[in-house]
Amino acid sequence: MTWHRRHLLDIESLAPEEILLVLDTARAFKAVGQRAIKKVPALRGKTVVNLFIEPSTRTRTSFELAAVRLSADVINFNAEASSFKKGETLKDTARNLEALNADIFIIRHSAAGAPHFLARCVAGSVVNAGDGAHEHPTQALLDTFTIREKKGRIAGLNVVILGDILYSRVARSNIWALTKLGAHVTLCGPSTLVPRTFEQLGCRVSHNVDDAIASADVINLLRIQHERQRKTMFPGIGEYASLFGLNQARLARTRPEVLIMHPGPINRGVEIDSEIADGGRSVILEQVTNGLAVRMAALFLINGGQGPQALGE
Ligand code: CP
């Protein structure tokens, strides 16, 4: 399997073999990250622009480090201090950056479809780092990488995604990735945030958290996306925590080997108790570590890299 795409815009359009190619390439990059010299020359001479129009900690910093480890030059575009504030459009912004020889744009934007629009405006490559409630492809890739690393497989696993599904790009990208790789996906949360229409994507929908998590191999917790909700979709934070939050009593009724995941940022005491977030079943920080290898793999492949064998695997 070789990679033929110039962009990474979503998981929906990827074939299972393409997802596996990214995961296998990321495994090779994780090994590179354990060497004394962690840099490779794959993107030497290339310029990567981090075009984040929405806040980010994990995604922005790990894309920056990934580009540096691949020997690219990196520009961190600061939207707040840019001519965006004077009304310059996304298209004009990108084309001006391209006039400075930008080769790869990594974009996060509040509007669903912004990366696809940008891909039509520029000659270079575009990577979606999260667009509205649509997709966050590299988050799903690092989540599936982490599950496969810990469980040895994806197919046949029971994965519960618990929380605000309706407004979550992480949920949508995970649903695509996990179902394409053969996992059984259950979506759980308040009925206002987990509508039955998601069953059309091949998932089970449950509004009973104890029932949903009882046979889970993986529980992926999502925060409430207040920034995307136009009105309150549930009575209150306290009630949400009591009805849907993962606490010790609920955890005690799950399988002993269940993996606890969260894309971050976490709201301690709301969707997850603090001691569970920091406990032995949590792989939340390992997800962050794996995000670096997955983002190196994504940049490597869209730049024409030929998979893990090119890295000595
Ligand atoms: N998981 C995630 O996208 O985190 P950031 O918003 O900090 O990038």
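Start at the seam between domain 1 and domain 2: 17 residue pairs are in polar contact there, both residues at pLDDT 80 or more. (A polar contact is a pair of N or O atoms within 3.5 Å; within protein, one must be able to donate a hydrogen and the other to accept it, and residues adjacent in sequence count only if both atoms are side-chain atoms.)

You're looking at a predicted model, where local features need pLDDT of at least 70, side-chain atom pairs count only at pLDDT 80 or more, and totals for chains, interfaces and linings use all residues. Residues are numbered from 1 along each chain as its sequence is written, and side-chain values use heavy atoms, with hydrogens and water left out.

Next, color the two halves: select 16-135 + 289-311 for domain 1 and 137-288 for domain 2, bounds that come from an automatic or database domain assignment. Their centres, taken over C-alpha atoms, sit 26 Å apart. Domain 1 puts 29 residues into the contact and domain 2 puts in 28, with contact meaning heavy atoms within 4.5 Å.

Now show Leu23, Arg58 and Glu135. Together they supply 26% of the area domain 1 buries against domain 2, more than any other three residues. The two domains bury about 2300 Å² between them, 59% of it on carbon and sulfur atoms. (That's accessible area, 1.4 Å probe, lost on putting the two parts together, summed over both.)

Last stop: pick Lys30 and Glu149, whose side chains form a salt bridge at 2.9 Å, N to O. Three salt bridges are counted between the domains, each a side-chain nitrogen of Lys or Arg within 4 Å of a carboxyl oxygen of Asp or Glu.
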